[in-house]
Amino acid sequence: MSEEVPKEAAITGASVKLVGCGAVTVLWLIAAFCIGYFAHSPMDDPSCKETFSCLTASEWGDFLAGVFAPVAFFWLVITVWIQSDELREQRKELALTRKEFELNRSVMEEEAQAARSQAGYLATQTALLDDEAQARKREANFTSFITLISRYVEHSREVRESVFYRLGSSSGYIFSGAPTACSHERYVYLQWLHATAILEEGSEKVSIVGADIFEEAFIFIYGAEEIVDLIPYHSRVSWQRSKLRPLLDCYCQLILRDPQFSHLRGYVSARERRLGRVETDLSTLMVSVQDGSNGA
């Protein structure tokens with residue numbers, strides 16, 4: 001509406017000026033012809049009864065030029081005046097249009113900023129949801145990890161006196177005794193010491209009595225080691241620094257040395273590939289297995 005008002009005002013002002021100028025022009029023409037008509041006749045030509053009847057063609061031209069020259073100049077001035085008013089109104093309209101463009105640009109910038117803020121908010125929310133999902137997954141893995149470790153500890157405690165090894169002339173329990181109140185990490189540490197002592201007795205073939213019971217314990221601790229890198233950070237660091245993997249190294253050597261565990265060697269190969277991805281050094285294990293095979 002602010003744009004239409006100047007336009008209407010400009011049109012009204014131009015119309016008034018045109019009407020006024022037309023009226024002035026008509027009055028001027030009437031006055032000019034009246035002056036010409038009632039002007040004094042030349043005294044030296046008695047045949048001329050009126051001024052107009054006495055004018056020659058050239059005099060008529062001078063008369064009309066004298067009448068219409070001021071009119072032409074007057075209308076030239078009026079035309080310039082009206083055009084000046086129109087240009088002024090056009091400048092106002094351009095200024096209003098430019099201002100409207102600036103306002104629209106400000107609105108668009110605000111909308112773009114709001115869109116960026118919303119996109120940032122959505123990205124933050126998505127990241128939070130991803131973090132929550134990862135945290136829930138780590139907690140679920142930790143629950144599974146603790147369950148497998150607990151089952152390994154409980155199972156090895158229960159069957160300790162049912163699983164033996166024979167290595168040359170020596171024999172003994174596969175699982176070491178441990179205080180009932182010790183933690184799971186301490187229990188794994190004691191089992192690692194015991195398994196290391198067994199392997200240090202010799203490199204010849206090992207025979208395990210109660211192989212199915214030992215296999216069940218092996219599967220429990222093997223599954224726990226598979227997901228140890230997927231549990232929450234504080235627990236992951238603790239268990240990665242524990243003797244869980246060295247203990248499983250010892251169990252893998254026992255499996256490779258006992259022919260009745262040939263069906264478990266796929267687990268050992270898969271574990272070697274998995275530990276190779278996390279840059280675990282298996283050279284010691286491979287050398288020990290090769291020595292055991294040569295001894296067998």
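Phe142, if its neighbours within four places in sequence are left aside, is in contact with Ile231, Pro232 and Ser235. In this predicted model, Phe142 belongs to helix α2, and the partner Ser235 stands 93 residues away from Phe142 in sequence, although the two C-alpha atoms are 8.2 Å apart in space. Is Phe142 buried or partly exposed? With a relative accessible area of 23%, Phe142 counts as partly exposed, because the term buried is kept for residues under 20%.

From this one residue we can step back to the whole chain. The protein has eight helices and three strands, and from the N terminus on these elements follow one another in the order α-α-β-β-α-β-α-α-α-α-α. Of the 296 residues in the protein, 31% are buried. Contacts between distant parts of the chain can also be counted: among contacts between residues at least 6 apart in sequence, 70% join residues at least 24 apart.

A residue in the opening helix gives an example of such a setting. Thr25 is found in helix α1, which spans residues 4-37, and Thr25 is buried, with a relative accessible area of 11%. A polar atom of the Thr25 side chain lies 2.7 Å from the backbone oxygen of Cys21, while Thr25 also touches Val71, Phe74 and Trp75, when residues up to four places away in sequence are not counted.

Further along the chain come two paired strands. Strand β1 and strand β2 (residues 170-173) run antiparallel and are joined by four bridges, and within this pairing Arg166 stands opposite Ser171 in β2. The hairpin that β1 and β2 form has two residues between the strands, and there Gly168 takes a positive phi near 65°.

After this hairpin the chain reaches Phe175, whose place is in the loop between β2 and α3. Phe175 is buried, with a relative accessible area of 0%, and its C-alpha atom is separated by 8.4 Å from that of Phe164, eleven residues away along the chain. Which residues does Phe175 contact, leaving aside its neighbours within four places in sequence? Among them are Tyr152, Ser156, His194, Phe214, Ala217 and Tyr251.

These contacts lead towards the interior. In soluble globular proteins, nonpolar side chains tend to be buried together. Here the largest nonpolar core has 45 residues, of which Phe145, Tyr152, Ile174, Phe175, Phe214, Tyr251 and Leu254 touch the most other members. The elements α2 (57-158), β1 (164-167), α3 (184-200), α4 (211-226) and α6 (244-257) each supply at least two residues of this core, and α6 gives the most, with nine residues. Leu254 can serve as a view from inside: not counting residues up to four places away in sequence, Leu254 touches Ile174, Ile198, Leu199, Val206, Ile208, Phe214 and Phe261.

Aromatic rings deserve a closer look. A pair of aromatic rings is described by the distance of the centres and the angle of the planes. The count of aromatic pairs comes to twelve. One of these pairs is formed by Phe214 and Phe261, which are tilted, at 5.6 Å centre to centre and with 50° between the planes. This pair links distant parts of the chain, since Phe214 lies in helix α4 and Phe261 in the loop between α6 and α7 (265-277), 47 residues apart. Both Phe214 and Phe261 are buried.

Another pair can be set beside this one. The rings of Phe218 and Tyr222 have centres 5.6 Å apart and planes at 45°, so this pair too is described as tilted. Phe218 and Tyr222 are four residues apart in helix α4, and therefore about one helical turn separates them. Phe218 and Tyr222 are also buried. Ring pairs further link Tyr152, Phe175, Tyr187, Phe214, Tyr251 and Phe261 into a cluster, in which the reader will recognise Phe175, the residue of the loop between β2 and α3.

Finally, some rings have a charged side chain over them. The charged end of Arg274 sits over the ring of Tyr222, 5.6 Å from the centre of that ring, and Lys243 lies over the face of Trp192, at 4.5 Å from the ring centre.

Technical notes:
Residues numbered from 1 in each chain as written. Predicted model: local features only at pLDDT ≥ 70, side-chain atom pairs only at ≥ 80, totals over all residues. Heavy atoms only, no water. Core = buried A, V, L, I, M, F, W, Y, C linked by side-chain atoms within 4.5 Å. Buried < 20%, exposed > 50% of the residue type's maximum accessible area, 1.4 Å probe, protein only. Contact = heavy atoms within 4.5 Å. Phe/Tyr/Trp six-rings, centres within 6.5 Å; stacked < 30°, edge-to-face > 60°. Lys NZ or Arg CZ within 6 Å of the ring centre and 35° of its normal. Polar contact = N/O pair within 3.5 Å; in protein donor to acceptor, adjacent residues only side chain to side chain. Pairing = 2+ DSSP bridges.
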